[in-house]
Each structure stands twice: as structure tokens, then as C-alpha cells.
Amino acid sequence: MSEAQTRTQTPARTQPFLAVEGLQGWYGESHVLHGVDLQVREGEIVTLLGRNGAGKTTTLKALMGVLERRSGSIRLRGTEVSNWPSNRIARAGMAWCPEERGIFAGLSVEENLMLPPVVAPGGLPVAELYTLFPNLEERRGSQGTRLSGGEQQMLAIARILRTGARLLLLDEVTEGLAPVIVEQIGVTVGKLREAGYTILLVEQNFRFAASLADRHYVMEHGRVVDEMAAHEVADRQASLNKYLGV
Ligand SMILES: Nc1ncnc2c1ncn2[C@@H]1O[C@H](COP(=O)(O)OP(=O)(O)OP(=O)(O)O)[C@@H](O)[C@H]1O
């Protein structure tokens, strides 16, 4: 059995950490999500793929409770949370690393790390974060503005690991980064998998996504239109290329 098959079959025995059904979302009058269905099992890495504007970022915002209007069902370990405000969703163990990273320019690395509140037990202490991200330890006193794009991205990921979240929504974590940094981030995400985190990854860099994910969902026009396990990708490359316009 291939490594990919082992990975897809092991988590299948556990209940979904996240189960989403018929998720709809709006920006003002603009109806953007038209019924998203997806599941992420405990310990899985799952990607949301799709062209620009397909609704991937909006899906993460709707899950996190920061979209102004949404409807449909979002269950976290079986509990319906679609009516919960974002702070309560955070306390239930979901964290969002937004595309724009949200690093505070005037604060140091360590101050940025300490900023989000610890919401659940099990968050990584700062010393462990520095083991995972040695670059950040070297830059602990540097201001946010002085960090490279890669360091900012690592800081944005490290910051949510301190909070105790176990389900990480990562949005375009490789965007604009040099290949060597993308590789480092890939190694880090692999370590998070080993540590048992559950990850929903929005990614344009399919090679990066494919090297990490157990399963992929494809979004088009505010819906999930296809799903494939990691071991199916090779056989389905042609349809995937069509979806992604490559
Ligand atoms: N703040 C906003 N107000 C109004 N419409 C928005 C807003 N943000 C996104 N949209 C629209 O919602 C749709 C889905 O956008 P979304 O950002 O979720 O797509 P995406 O799949 O993440 O693509 P991208 O890679 O371009 O971010 C697009 O038509 C986009 O123009």
C-alpha cells in the first residue's frame, strides 16, 4: 500500500472534525457561496483548490464566523456551530491564518506571537514555537516590518499554534514566497501533521498542496464540484488541470 493510501485510510475511521453542509455566504447583497459541502477528519490535511474567485477564501471566512452573513450547517466534532460568533468558534479549536497574514508592523516577533489569546489547552509554548521555527527565534526582537515575507508567514502560522487551536485554516501560505521558503513551510506543515493537527489548506500552488494533502476538494462558483484522494491525483490530472485552468 502506498504512503498516500495509508494516509487517506487511517483518518477515515474517525469522525469528522469538521463537517460542512450547504454552506452559503454573502458579502452584502453579493451571494458568493452557493452550498459548500465538505468534511475534514481528525488529523487530515485537506486542500481547497480552484481558480481565482471560486470562493475558497470566503469559505474559510464563513467557517471562522467572520463573514457578515452565512447559512447552512457547520459541525465541529458533531456540534453545530454555524450560529456561533467567531470568538466562540476559536475557543472550540478552530484558527484561521489569513492570506494577508495580519502581522502587526510596530510589534516585535515575540509581541506578535503573544498577541492572540490562548483559547484552549494544548497550545504550544513559545520555546516550542522557536524549535519549530528557528528563524523566528533569531528574529524575536525584530519589528514585524523588518521581517521577510517568509518570516512573516511563519510568524502568522506560529501565532495560531500558541492558541491551542487544533483545526487550522491556512490561506495561501506559499503566496509570493521563494521556492526554498515554500519548501521550509512544507516541512513545517508536515511536522504539524505528525503532531496531529487537522488542516484545511487553501492553495494555488498545487505542487505544494499535492506534496502534503490527504485529499483535495475543487471549488467552482461557490460550490465544491469535485473531490479526490491524494492517490487519485495522478489518474485525474487532466480533469484537475481543466478545473484549475493550467
Ligand atoms: N470583500 C468582498 N466584497 C465583495 N465581494 C468579494 C469580497 N471578497 C471576495 N469577493 C468576491 O467573492 C468571490 C469569491 O472570492 P474568494 O476570495 O473567496 O475567492 P478565492 O477562491 O479565494 O480566490 P482568490 O484566490 O482570488 O482569493 C469573488 O467573486 C470575489 O470577487
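## Notes on a predicted model

1. His221 counts as partly exposed, because 13 other C-beta atoms lie within 10 Å of its own, which falls between the 12 or fewer of an exposed residue and the 20 or more of a buried one. The model in which this residue is placed is a predicted one. His221 belongs to the loop between strand S9 (215-220) and S10, and its phi is near 45°, a positive value in a residue other than glycine.

2. A second residue invites the same kind of reading: Glu172, located in the loop that joins strand S7 (167-171) to helix H8 (179-194), has a phi near 50°, again positive although the residue is not glycine. Is Glu172 buried or exposed? Glu172 is buried, because it has 20 other C-beta atoms within 10 Å, and 20 is the number at which a residue begins to count as buried.

3. For the chain as a whole, the secondary structure amounts to ten helices and ten strands. The radius of gyration is 17 Å, close to the 18 Å that the globule rule gives for 246 residues, so the chain is as compact as a globular protein of that length. The C-alpha trace spans about 45 × 40 × 35 Å along its principal axes, and 40% of the 246 residues are buried. Of the contacts in the chain with a separation of 6 or more, 71% join residues 24 or more positions apart.

4. Which strands make up the open sheet, and in what order? Six of them do, running S6-S7-S8-S3-S9-S10 with mixed pairing; strand S6 (94-97) and strand S10 (223-229) are the edges, each pairing on one side only, and the twist from one strand to the next averages 20°. Within this sheet, strand S3 (residues 45-49) pairs with strand S8 (residues 198-202) in the parallel sense, over four bridges, and Leu48 has Val202 in S8 as its bridge partner.

5. The ligand is surrounded by Tyr27, Ser30, Val32, Gly50, Asn52, Gly53, Ala54, Gly55, Lys56, Thr57 and Thr58. By type, this shell divides into three nonpolar residues, seven polar ones and one charged one. Strand S2 (30-41) and helix H2 (56-64) each supply at least two residues of the shell, and H2 gives the most, with three.

6. Helix H2 deserves a closer look on its own account, since it is mostly covered, with eight of its nine residues buried. The buried residues of H2 are Lys56, Thr57, Thr58, Thr59, Leu60, Lys61, Ala62 and Leu63. Just after H2, Gly65 takes a positive phi of about 80°.

7. Glu21, which is found in strand S1 (residues 16-27), counts as partly exposed, because it has 14 C-beta neighbours inside 10 Å. Which residues does Glu21 contact, leaving aside its neighbours within four places in sequence? Glu21 is then in contact with Asp37, Gly72 and Ser73. The C-alpha atoms of Glu21 and Ser71 are separated by 9.6 Å, although the two residues are 50 residues apart along the chain.

Notes: Residues are numbered from 1 along each chain as its sequence is written. This is a predicted model: local features need pLDDT of at least 70, side-chain atom pairs count only at pLDDT 80 or more; totals for chains, interfaces and linings use all residues. Two strands pair if DSSP finds at least two bridges between them. Axes are lines fitted to C-alpha atoms, for helices over the stretch in contact, and angles run from 0 to 180 degrees between N-to-C directions. Two residues are in contact if their C-beta atoms, placed from the backbone, lie within 7 Å. A residue is near a molecule or strand if its C-beta atom, placed from the backbone, lies within 6 Å of it. Ala, Val, Leu, Ile, Met, Phe, Trp, Tyr, Cys and Pro count as nonpolar, Asp, Glu, Lys and Arg as charged, and the others, Gly among them, as polar. The radius of gyration is taken over C-alpha atoms; the globule rule is 2.2 Å times the number of residues to the power 0.38.
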